[in-house]
Structure formats: C-alpha cells, structure tokens
Amino acid sequence: MPDILNISCYKFVPLPDAQQLRELLAERAAQWALKGTVLLAEEGINFFLAGPAQAVHGWVSALRTDARFADVAPKESWSSTVPFRKMRVVVKPEIIRMDYPAIRPANGRAPAVKPADLQRWLAQGHDDAGRPVVTLDTRNDYEVDEGAFTGAIDWRIRKFTEFPAQLRAHKADLAGKTVVSYCTGGIRCEKAAILMQDEGIENVYQLEGGILKYFEETDGTGYQGSCFVFDERRVVDDSLQKTELKAQV
C-alpha cells in the first residue's frame with residue numbers, strides 16, 4: 001500500500017511577515033524531513049508537501065497554531081514514493097501570479113460550488129435556478145490536454161497572466177449562463193472568479209477545492225481524463241493515483 005502522504009493547500013490571508021515565516025516553516029520542514037514547496041507572499045500561502053503521514057500531519061498541526069492558518073484543510077493523496085526531490089520555502093510577489101494587484105481574495109471571495117453540487121448540475125444540464133451551466137478551465141493549455149470537464153471552455157492560455165485579456169475577449173459568450181471556474185486545487189479559479197465578478201459577469205462560482213477535491217468527493221463523472229499536478233507524479237487519475245502522461249510537456 002502507498003505510504004507517502006501528499007498534501008496541497010492554499011489560503012489567501014495577509015502575511016506582512018512572509019520573510020520571517022519562511023525561516024520558521026523551512027525549519028519545521030527540515031525537522032520533519034519533508035520535501036515539497038511552500039510559497040509565501042503578502043497575499044497568502046500555497047504549499048505542496050510529501051512524506052510519512054505522521055510527519056506531514058505534524059507540520060500541518062504546527063502551522064495551525066498560527067491563528068491565520070487555523071482553518072487550513074489540505075487535500076490529501078497517497079503515493080509509493082516522495083514525488084519531490086527537495087524542500088523549498090520561497091517568498092514571491094504572488095502565490096499565484098496574475099499581475100492584477102486589484103484582485104485581493106483575502107478581502108472577499110466569489111461564491112463556491114461544492115463538487116457534488118457541480119456534478120449534479122452537469123448531469124441535469126443546468127443549475128438549481130434553471131440557468132445553463134458552463135465550466136471554465138483557468139489552467140494552462142498543457143494541463144488541459146491531460147484532462148478537463150466535459151465541454152469545458154478552454155481559452156488555450158499558456159500562463160495565468162493571459163487570463164484577464166482572454167476574459168475580456170470572450171466575456172460576451174458567458175452572458176446569461178452560470179459560470180463555474182475551475183483549476184487543479186482552487187487557487188487560480190479563486191482569482192479568476194473574482195475578476196469575472198469585477199468585470200460584471202453575473203452568476204459566477206468557483207469549484208471548491210478544484211479538480212483534486214472533485215476527484216476526492218465524487219466518482220469523477222463529468223470529467224474526462226486525468227489531472228496534471230506539479231510534482232514528479234505529473235498526472236493523477238480520478239482515484240488520485242499516479243497515471244500515464246498523455247502529452248509531452
């Protein structure tokens with residue numbers, strides 16, 4: 001049985017002490033002999049870690065002692081080996097780069113739809129108010145090529161900083177629909193959903209927890225293919241197990 005726990009999580013919360021946090025979190029990761037990446041910025045935290053379950057849970061428990069992170073709820077999956085080669089704790093301008101500083105998720109997020117509700121909407125072809133539902137993929141093109149929701153809108157962006165321009169170019173196509181933005185774990189689609197609201201698009205949601213949470217809480221129906229992940233597993237299937245990469249990245 002796989003015995004390496006992999007977690008991913010993010011939270012938008014003001015971190016004016018990001019530099020000091022970097023040292024503390026790096027020290028804790030070394031103590032637990034974990035590998036992965038922790039990204040810190042003034043806007044929040046985004047982390048991907050792997051190791052024995054006791055070590056991973058210990059690191060998360062210590063993180064939660066800071067009131068700003070008390071409610072973090074990492075997504076979990078298992079593997080036979082650690083899918084990272086080293087441990088990195090880095091301070092960056094943004095934990096997910098959009099180059100759009102007016103978007104501040106810590107000040108309020110767009111509504112979220114739970115995976116089971118999205119699956120139901122997709123099966124019935126409309127939301128609970130009877131509006132047609134479309135899913136909008138906010139990931140890069142090579143990620144989408146590994147798998148996506150059936151019929152999802154894909155603007156073939158090469159990097160997330162292209163999303164605002166593509167939204168403005170295609171905004172009219174979204175009128176009158178319930179738009180659900182989605183991504184791997186929720187971080188990109190959270191910023192995307194707020195931008196759509198700011199651009200005047202009504203009935204916008206983000207998929208709570210992204211594709212990984214959808215796989216965790218549903219049987220995967222409504223999604224075709226696998227999900228690209230940013231570690232050495234490269235892609236996981238709807239049971240969150242490593243599978244084969246379809247395209248060359």
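Is Trp59 buried or exposed? Select Trp59 in the viewer to begin: with a relative accessibility of 1%, this residue counts as buried. Please keep in mind throughout the tour that the structure is a predicted model.

**Stop 1: Aromatic pairs**

Keep Trp59 selected and add Phe47. Phe47 is buried as well, and its relative accessible area is 0%. The ring centres of Phe47 and Trp59 are 5.2 Å apart and the planes stand at 65 degrees, so this pair is edge-to-face. Distant parts of the chain are linked here: Phe47 belongs to strand E3 (residues 44-52), Trp59 belongs to helix H2 (residues 53-64), and the two positions lie 12 residues apart in numbering.

The structure as a whole holds 11 aromatic pairs. Another of them is formed by Tyr10 and Phe12, so select these two next. This pair is also edge-to-face, with 5.6 Å from centre to centre and 70 degrees between the planes. Tyr10 is buried at a relative accessible area of 16%, and Phe12 is buried at 9%.

**Stop 2: The sheet with mixed pairing**

Colour strands E1 to E5. These 5 strands make an open sheet in the order E4-E1-E3-E2-E5, and the pairing is mixed. Look at the two edges of the sheet: strand E4 (75-79) and strand E5 (87-91) each pair on one side only. From one strand to the next, the twist averages 10 degrees.

Now restrict the view to strand E2 (residues 35-41) and E3. The two run antiparallel and are joined by 7 bridges. As an example of residues facing one another across these strands, select Gly36, which stands opposite Leu49 in E3.

Next, display helix H1 (residues 18-31). H1 packs on the sheet and touches E2, E3 and E5. The direction of H1 makes about 170 degrees with that of E5.

**Stop 3: A loop residue beside Gly36**

Which residues does Phe84 touch, leaving aside those up to four places away in sequence? Select Phe84, which is found in the loop between E4 and E5. Its contacts are Lys35, Gly36, Phe48, Leu49, Ala50, Phe230, Asp231 and Glu232. Gly36 and Leu49, the facing residues from the previous stop, are therefore both among the residues to display. Phe84 and Gly36 are 48 residues apart along the chain, yet 5.4 Å separates their C-alpha atoms. Phe84 has a relative accessible area of 11% and is buried.

**Stop 4: The sheet with parallel pairing**

Hide the preceding strands and show E6, E7, E9, E10 and E11. This is an open sheet of 5 strands with parallel pairing, in the order E6-E11-E10-E7-E9. Strand E6 (112-113) and strand E9 (153-154) are the edges, and each pairs on one side only.

Focus on strand E10 (residues 178-182) and strand E11 (residues 204-207), which pair in the parallel sense over 3 bridges. Select Ser181 to see one example: its bridge partner in E11 is Gln206.

**Stop 5: Helix H7 and its surroundings**

Select helix H7 (residues 210-217). Of its 8 residues, 6 are buried, so H7 is largely enclosed by the rest of the structure. The buried residues are Gly210, Ile211, Leu212, Lys213, Tyr214 and Phe215. Tyr214 and Phe215 also take part in a cluster, in which ring pairs link them with Phe149, Tyr182 and Tyr223.

Then add helix H3 (residues 115-124). The axes of H3 and H7 come within 9 Å and cross at roughly 85 degrees. H3 is therefore roughly perpendicular to H7. To see the contact, display Pro115, Leu118, Gln119 and Leu122 of H3 together with Lys213, Tyr214 and Glu217 of H7.

**Stop 6: The cysteines**

How many disulfides does the structure contain? The count comes to 0. Select Cys9, whose nearest cysteine sulfur, that of Cys183, is 13 Å away. Cys9 is buried, with 5% relative accessibility.

Finish at Cys189. Its nearest cysteine sulfur also belongs to Cys183, at 3.0 Å. A disulfide requires the sulfur atoms to be within 2.5 Å, and Cys189 is in no disulfide. At 0% relative accessibility, Cys189 counts as buried.

Definitions and conventions. Residues are numbered from 1 along each chain as its sequence is written. This is a predicted model: local features need pLDDT of at least 70, side-chain atom pairs count only at pLDDT 80 or more; totals for chains, interfaces and linings use all residues. Side-chain values use heavy atoms; hydrogens and water are left out. Rings of Phe, Tyr and Trp (its six-membered ring) pair if their centres lie within 6.5 Å; planes under 30 degrees apart count as stacked, over 60 as edge-to-face and the rest as tilted. Buried means under 20% relative accessible area, exposed over 50%, partly exposed in between (1.4 Å probe, protein chains only). Helices (H or I, at least four residues) and strands (E, at least two) are DSSP runs, numbered from the N terminus. Two strands pair if DSSP finds at least two bridges between them. Axes are lines fitted to C-alpha atoms, for helices over the stretch in contact, and angles run from 0 to 180 degrees between N-to-C directions. Contact means heavy atoms within 4.5 Å. Angles under 35 degrees count as roughly parallel, over 145 as roughly antiparallel, 65 to 115 as roughly perpendicular and the rest as oblique.
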